[in-house]
Amino acid sequence: MKMTFRWYGSSMDPIPLKYIRQIPGITGVVTSLMDLPAGEVWPLERLKKLKQEVNKAGLELEVIESVNVHEDIKLGLASREQYIENYKETIRNLKEIGVKVICYNFMPVFDWTRTSLDRVLSDGSNTMSYDQDIINKITDPQKFADEIQNQTGEFEMAGWEPERMAELKRLFQAYETVSHEQLKENLKYFLEAILPVCEECDIKMAMHPDDPPWDIFGLPRIANSLESFEEIISMADSPYNCITLCTGSLGSNPDNHLPEIIRHFGRKKRIAFVHARNLKIEKPGKFYESSHLSRDGSFDMYEIMKALNETGFDGYIRPDHGRMIWDEHGRAGYGLFDRALGIAYLNGIQESIEKQKK
Ligand SMILES: [Mn+2]
């Protein structure tokens, strides 16, 4: 497997590539053109420059996270045709720079959601947390979105693009008539349209699970369990219709048995990308993001890595969100220090699994 690190680009990420290059075992970065609104074609010239910059630092650029799907595609509006054509064009441009995997999600309106970006843990570190009781009391999602944005300081949150947040009201109204079944239909339509291009370009689409893996604010969510992902990979049957196995997103519902889900999709060769992280479930619907260490959280990270190893996973993996430690100032969940510790830990588990096999 190839160990990677999410990086937001030199103008939007305080972490320089040269620091990332020094993390043991790292092969590349996972990045995107964050300033482009969803639905636009990613210009080849910019992609070439980005690749050059990453390669110059001694790193590969083979995974994009994310090429965001325009809301009109998720809503199934007639205007989706143009956005789907643009998406295909972006896939073709990404092929030109050697990209192998595109991570995306199909969550209506909100991307990953937390109720706090800087909860203080007992060791003095800061982390992101979620509490369904807080979400249940929110009557105005716009106010909630504003509050979360205020907590991010100067850093815009990935997946919470300003243009999408600015029209929350209109989007909520538009989704009133979209059921779970309709959203699945719209996903199927999208996948059937783009997968032939993915096959031609040898680029895997890796769908990220809903985070948290249940409906929020009454919006439908359809990618949150073994069964739902089985439905998704079957609705457009192609080896390029794959999954981003995010342990934190799926695992915040304790009904999701992570090693079992990994074995199920790993055997089918449908896991293209892994987000490996841990979190501590305090009670159903309430959790915080812990360090990667198994005993700090609710997941058995050894069993997770073992399931990947046993199914011959040879795709891309990255540590996911980290805490803020050692007074680091940066993008919530995406500091250097704790994620680098996460990599060192995952490397250690991987080495011990490999040696035990001999
Ligand atoms: Mn993730």
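Which residues does Ile243 touch, not counting residues up to four places away in sequence? Keep that question in mind while looking through these close-ups of a predicted model.

**View 1. Ile243 and its contacts in the nonpolar core.** Here is the reply to the opening question: Ile243 touches Ala206, Met207, Phe229, Phe265, Arg270, Ile271 and Ala272, leaving out residues up to four places away in sequence. Ile243 is also one of the residues that touch the most other members of the largest nonpolar core, which has 81 residues. Val101, Ile102, Ala206, Ile262, Ile271 and Ile304 share that distinction. Helix α9, residues 180-201, gives the most to this core, with seven residues. As a bit of background, nonpolar side chains tend to be buried together in soluble globular proteins.

**View 2. Strand β3 between β2 and β4.** Let's move to β3, residues 60-65. Five of its six residues are buried, so the strand is largely enclosed by the rest of the structure. With β2 (residues 26-31), β3 pairs in the parallel sense over three bridges. To get from β2 to β3, the chain crosses through helix α2 (residues 44-56), and this β-α-β crossover is right-handed. With β4 (residues 101-104), β3 again runs parallel, joined by three bridges. Ile64 is a handy residue to follow here: Ile64 is the bridge partner of Thr31, and Ile64 also has Ile102 in β4 as a bridge partner.

**View 3. An open sheet of four strands.** This one is antiparallel, and its strands come in the order β5-β6-β11-β10. At the edges sit β5 (116-120) and β10 (280-283), each pairing on one side only. On average, neighbouring strands of the sheet are turned by 35 degrees against each other, direction ignored. Zoom in on β6 (residues 126-131) and β11 (residues 286-288), and you'll find three bridges joining the two antiparallel strands. Tyr130 stands opposite Phe287 in β11.

**View 4. The buried face of helix α13.** Helix α13 spans residues 301-310, and its residues Met301, Ile304, Met305, Ala307 and Leu308 are buried. Seen down the helix axis, the buried residues of α13 fall within an arc of 155 degrees, so they line one face of the helix. An α-helix has 3.6 residues a turn, so residues three or four places apart point the same way. What do the buried residues of α13 pack against? Their neighbours are α11 (247-251), α12 (258-267), β9 (271-276) and α14 (337-356). Ile304 turns up in the largest nonpolar core too, among the residues touching the most other members. Just after α13 comes Gly312, with a positive phi of about 70 degrees.

**View 5. Positive phi at Lys269 and Asp327.** Lys269 isn't a glycine, yet its phi is positive, at about 60 degrees. Lys269 lies in the loop between α12 and β9 and has 15 C-beta neighbours inside 10 Å, so this residue counts as partly exposed. Its C-alpha atom is separated by 8.1 Å from that of Cys242, 27 residues apart along the chain. Asp327, in the loop between β12 (316-319) and α14, also isn't a glycine and has a positive phi near 60 degrees. Is Asp327 buried or exposed? With 9 C-beta neighbours inside 10 Å, Asp327 counts as exposed.

**View 6. Cis peptide bonds in loops.** The bond from Glu65 to Ser66 is cis, with omega near -10 degrees; Ser66 has its place in the loop between β3 and α3 (71-75). Asp211 and Pro212 are joined by a cis peptide bond with omega about 0 degrees, and Pro212 lies in the loop between β7 (204-207) and α10 (226-235).

Notes:
Residues are numbered from 1 along each chain as its sequence is written. This is a predicted model: local features need pLDDT of at least 70, side-chain atom pairs count only at pLDDT 80 or more; totals for chains, interfaces and linings use all residues. Two strands pair if DSSP finds at least two bridges between them. Axes are lines fitted to C-alpha atoms, for helices over the stretch in contact, and angles run from 0 to 180 degrees between N-to-C directions. A residue is buried if 20 or more other C-beta atoms lie within 10 Å of its own, exposed if 12 or fewer, and partly exposed in between; C-beta atoms are placed from the backbone. The arc is that of the directions from the helix axis to the C-beta atoms. Two residues are in contact if their C-beta atoms, placed from the backbone, lie within 7 Å. A crossover is right-handed if, with the strands pointing away from the viewer, the path from the first strand over the helix to the second runs clockwise. A nonpolar core is a set of buried Ala, Val, Leu, Ile, Met, Phe, Trp, Tyr and Cys residues joined through C-beta atoms within 7 Å.
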